[in-house]
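Colleague: Before I plan around this model, could we walk through its architecture together, one question at a time?

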Amino acid sequence: IALGAISAGARAYYSYPMTPASSILTYLAETSHESGMLVKQAEDEITAAQMTLGSMHMGTRAFTGTSGGGFDLMTETISLAGIIETPIVLVLAQRPGPATGLPTWTSAGDLNLAIHAGHGEFPRIVLSASDFESAYSLIQHAFDLAEKFQTAVVLLTEKQIAEGLYNVKDLPQDLEINRYLLTDNGQTEKAGLRRYEFTEDGISPRWLPGSDLPQYNANGDEHDEIGDVNEEALNAKLIAKKRMKKIELIKQTFPEPILYGDNDADITFVGWGSVKPVVNDIRNLLSQNNSDLKINYLHYDYLFPLKTEKLLEILKTAERPVLIENNYLGQLGHLITAETGFKFNEKLLKYDGRPFFIEDILNFINS
């Protein structure tokens, strides 16, 4: 994640140490003289989130990272980002809760937190790393999506990923950097320019404070198209609708979940996060042993808003669909049910602070 952020042009990282996100802070601090990045240990997670939002507002690509308890403190800032439509990128490194929970163990129990954090209704994006390559790539996509849609992006990772060791031959291709900013290039029509303009797709023009373009209020109170406080019913309805329009557009931009294995399988696992490498190890093991049993795995990196077209297509013919998650509730399963009505009859869930091992899945299959 740290390397990917450097490649994405991130210039600042603000954080308060909290396992298992601390490895990002440590690595960026150790390499700051080479990268030129500003790395700041804030006095608490509230400050870290506020500094990140302020930096993004002024045009610097910045991000913050924490675990569940620290993320709880950041949620008010996420709501502020939602109403002023300023991009913000947050890494939520999961460990078992609630409270301090199991601070040195792993979990994937904060999907609901990432989706619902912050008061009020506003669009946000939730991504999830599953291994080294996806961590490197998804933080780059997080910055791109945050600035393109002017919204909050939460990148989930886990203790199992954050402190895992991997041999990697090649890094994935870097994403081209696009800031999606309106610039004063002499061709911009300044007259009538409105920061929160009611556009067809919900994305308004964004430019940086201090430029020669019009001043505007980035206002935490509900506001009109130029940012001035406005509590009229019609305006409140129109600007809320403008913001929420972005959800469908975001969903259209997302890639479909990835199917590992053939369409024809005896068992179809559906999951996210660190279960991916383990299920794929099982697939390879069965293949090497010339097993008659065939399994495939549908994996989600882009979790919210949820794309379901490919999922439903696969579930139509799946002989035995099984939800696999590192949490008690089966949070992705609940999200799928809410979006599609489909309910998993079989679930393989683990919530003892340990990751999935090959034996866990083999025992399930054999039983």
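Modeller: Two strands are taken to pair if DSSP finds at least two bridges between them, and the model we are looking at is a predicted one.

Colleague: With that rule in hand, in what order do the strands of the open sheet of seven strands lie?

Modeller: The pairing in this open sheet is mixed, and the twist averages 25° from one strand to the next. Strand E2 (38–41) and strand E10 (302–304) each have a single partner strand, so they stand at the edges, with one side of each left without a neighbour in the sheet. Read from one edge to the other, the order is E2-E1-E3-E4-E6-E5-E10.

Colleague: Which residue in E6 is the bridge partner of Ile88?

Modeller: Strand E4 covers residues 88–94 and strand E6 covers residues 152–158, and the two run parallel, joined by seven bridges. Within E6, the partner of Ile88 is Ala152.

Colleague: What angle does the direction of helix H5 make with that of E4?

Modeller: Helix H5, residues 68–84, packs on the sheet, where it touches strand E3 (62–66) as well as E4 and E6. Its direction and that of E4 make an angle of about 160°.

Colleague: Which element gives the most residues to the largest nonpolar core?

Modeller: In soluble globular proteins, nonpolar side chains tend to be buried together. Here the largest nonpolar core holds 48 residues, and those touching the most other members are Leu111, Val126, Leu156, Trp272, Leu303 and Leu332. A second, separate core of 30 residues includes Ala8, Leu25, Met37 and Leu145. In the largest core, the element that gives the most, with six residues, is H5.

Colleague: Is Ser55 buried or exposed?

Modeller: Ser55 is found in helix H4, residues 45–58, and, leaving aside its neighbours within four places in sequence, it is in contact with Tyr14, Thr60 and Ala62. A residue counts as buried under 20% relative accessible area. Ser55 has 14%, so it is buried.

Colleague: Two residues that are not glycines have a positive phi, so let us take them in turn; is Ala99 buried or exposed?

Modeller: Ala99 has a phi of about 55° and is found in the loop between E4 and H6. That loop also holds Pro98, whose peptide bond from Gly97 is cis, with omega near 0°. With a relative accessible area of 75%, Ala99 is exposed.

Colleague: And is Gln150 buried or exposed?

Modeller: Gln150 lies in the loop between helix H7 (132–149) and E6, with a positive phi of about 50°. Its relative accessible area is 3%, so Gln150 is buried.

Colleague: Which residue does a cis peptide bond join to Phe304?

Modeller: The residue in question has its place in the loop between E10 and helix H12 (309–317). The omega of the bond is about -5°, and the residue joined to Phe304 is Pro305.

Colleague: Finally, what radius of gyration does the protein have?

Modeller: The protein has 14 helices and 12 strands, and 51% of its 367 residues count as buried. Its C-alpha atoms fill a box of roughly 70 × 45 × 40 Å along the principal axes. For 367 residues, a compact globule would have a radius of gyration near 21 Å, and the protein agrees with that, at 21 Å.

Key
Residues numbered from 1 in each chain as written. Predicted model: local features only at pLDDT ≥ 70, side-chain atom pairs only at ≥ 80, totals over all residues. Heavy atoms only, no water. Helix = DSSP H or I, 4+ residues; strand = E, 2+ residues; numbered from the N terminus. Axes fitted to C-alpha atoms, helices over the stretch in contact; angles between N-to-C directions. Contact = heavy atoms within 4.5 Å. Core = buried A, V, L, I, M, F, W, Y, C linked by side-chain atoms within 4.5 Å. Buried < 20%, exposed > 50% of the residue type's maximum accessible area, 1.4 Å probe, protein only. Rg over C-alpha atoms; globule rule 2.2 N^0.38 Å.
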